[in-house]
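Good morning, colleagues. I should like to take a few minutes to walk you through one model, beginning with its pockets and ending with a single side chain.

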Amino acid sequence: MWIRSLWHKFREQLRRLTVFRSLKTRFFIIFLLVGIIPSISVRSSILRNYEERAISVRTSDVQNQFKILANHLITYGYLQDTSSEIINAELEQFSNLYDGRVLIIDKNFKVIKDTYGLSEGKIVISEEVIRCFKGESVSNYDRRNGYIEITTPISFSGVSHDQIEQQDDQIQGVMLTSVSTDTIMATMDLLSRNSLILESIMMLFVVVIAFVAAGVLTAPFGRVTDAISKVKEGFTDEPISVNDYAETEHIVDAFNQLLGRMKVLDDSRKEFVANVSHELKTPLTSMKVLADSLMMQEEVPNELYKEFMTDIANEIERENKIINDLLSLVKMDKTEADLHVSQVDINEQMELILKRLRPIARKQNVEVVFESIRPVVAEVDEVKLTLAFSNLVENAIKYNKTGGFVKVILDADHQFFTLEVADSGIGIPEEAQEHIFERFYRVDKSHSREIGGTGLGLAITRSAVLMHRGSIKVSSVLEEGTTFVVKIPLIHQVS
Ligand code: ADP
């Protein structure tokens, strides 16, 4: 049971978290706070100001009235004799008017008059009374109990101007008044209620506006998601566009770039598959034609039979080469992590490559020269790089002229080693130079096929060089020759 309630709580927390992670919710909360906090603070500050103002007006009203009354008290000698009906009536009127209580205290701190009739004859020695005897009229507002306490000195000040310096002596008594603030509070209640109604209406507006504004502001992000979803679900593969904000534009631009790259990759994948199928089919078609024509003839002469079988064997050889090259290419397409790096003596490696290729060169009457400027030892994948360099030298021999030469130069600086493979061959037309590293690209298809090319050699070479974080460049003049320059770091850096 408790596991279930715990699970419920956990889910609730999770749900709440996702809600708070929403931009729309955040906007809503911000608008709500921006709208509500000022209205609440304005309301409470208006009420506070009103209260302060009303209390101070009431206090000064009462103080003024009692100053006049104090003069009357002196004039009528009320402190000596409290029987004056006029003053008593006046005191009664005051206490009724302000819904308060008036105490008259004489010089001996004795209460000689209490409009409530409760404390007459009692002695009152409070801080306020003493301060008042010193000439200070004090007022205290007791908010909790709802009254203002005011002390007013009863003095001769209004009667005689000559005795002003002897103020202490002038003060004959003190009037202690408590004035109720009920009417102020009632007005405040009314004001507070009205403003609360107003505030509630405003809050309702703020909630609606905040909700709508949050929705409107976050709508473009929803549009971005919708557009991306459409692409994801395959309804369209056109670039999307949501230009409401700079932010959405950035997101959409980044997405479109990604989409573009994916399209290019997809196109090249399709093209590659088409090329592979075509290349693999060509030798098979030839073999089928050869075999069919043998089968169709009744009595085949032995020589013709042999000749056709040799052709079939050549086609098989070709098919085999294409498959091997494809496998090599697949290996080269892997990441740097698949490199088996070791310290390799490049001079020695080149000598071995050239030793293997010299017999082919000799057949074509091409001279192969190796010029090693300095000994080079580098951290490389020997197998992959051997394949890359072999392809370059083999091409230089294959696409050469009889009696031509191939010159291989190995050099190094403190960071890289460079291998230059120059030939005196047929050259590569300018417009073809940027394509020769593409898979299955051949300048002259039939010529390449004649000499056993697959169009994959340079693609393999380039992949191997790039895996080593190196570079490969070609320069060529038609009918004069071609030069490939490979540059590879001496030390392999792991990323
Ligand atoms: P292939 O197997 O056909 O030789 P490559 O990828 O090795 O394929 O080369 C691609 C094309 O580049 C070749 O078909 C050829 O037309 C051209 N090529 C490569 N190397 C040379 C070179 N040294 N001289 C002239 N043409 C070259």
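**Two pockets, one helix and one arginine**

The second largest pocket has a volume of about 480 Å³. Please bear in mind throughout that this is a predicted model. Helices α8, α9, α10 and α11 each give two or more residues to the lining of this second largest pocket. Of these, α8 supplies the largest share, five residues. The lining comprises 14 residues in total, and those nearest the centre are Lys321, Arg449, Glu450, Ile451 and Gly452. As to chemical class, nine of the lining residues are charged, three are polar and two are nonpolar.

I turn now to the largest pocket, which holds about 730 Å³ of space. Its lining is made up of 37 residues, and Asn395, Lys398, Tyr399, Ser448 and Leu458 are the ones nearest its centre. The elements contributing two or more residues here are α8, α9 (346-363), α10, α11 (445-450), α12 and β12. Which helix gives the largest share of this lining? That is α10, with seven residues. The class distribution for the largest pocket is 15 nonpolar, 13 polar and nine charged residues.

Helix α12 deserves a closer look. This helix spans residues 457-467, and nine of its 11 residues are buried. Among the buried ones are Gly457, Leu458, Ala459 and Ile460; Leu458 is also one of the residues nearest the centre of the largest pocket. Further along the helix, Ser463, Ala464, Val465 and Met467 are buried as well. What covers these buried residues? The cover includes two helices, α8 (302-332) and α10 (382-398), together with two strands, β11 (471-477) and β12 (481-489). Just after α12, arginine 469 adopts a positive phi of about 60 degrees.

Finally, I move to another part of the chain. Arginine 58 sits in helix α2, which covers residues 23-75. Is this arginine buried or exposed? Its relative accessible area is 18%, and because the cut-off for buried is under 20%, arginine 58 counts as buried. Leaving aside residues up to four places away in sequence, arginine 58 touches Tyr98, Ile148, Val179, Ser180, Thr183 and Ile184. To place arginine 58 relative to another residue, consider lysine 384: the two are 326 residues apart in sequence, and their C-alpha atoms are 101 Å apart in space.

Thank you for your attention.

Notes. Residues are numbered from 1 along each chain as its sequence is written. This is a predicted model: local features need pLDDT of at least 70, side-chain atom pairs count only at pLDDT 80 or more; totals for chains, interfaces and linings use all residues. Side-chain values use heavy atoms; hydrogens and water are left out. Buried means under 20% relative accessible area, exposed over 50%, partly exposed in between (1.4 Å probe, protein chains only). Helices (H or I, at least four residues) and strands (E, at least two) are DSSP runs, numbered from the N terminus. Contact means heavy atoms within 4.5 Å. On a 1 Å grid over the protein atoms alone, a cavity is a set of points where a 1.4 Å probe fits but cannot get out, and a pocket is an open set with protein on both sides within 12 Å along at least five of seven lines; lining residues have an atom within 4 Å of a point. Grid points are joined across faces, edges and corners, and a volume is the space filled by probe spheres set on the points. Ala, Val, Leu, Ile, Met, Phe, Trp, Tyr, Cys and Pro count as nonpolar, Asp, Glu, Lys and Arg as charged, and the others, Gly among them, as polar.
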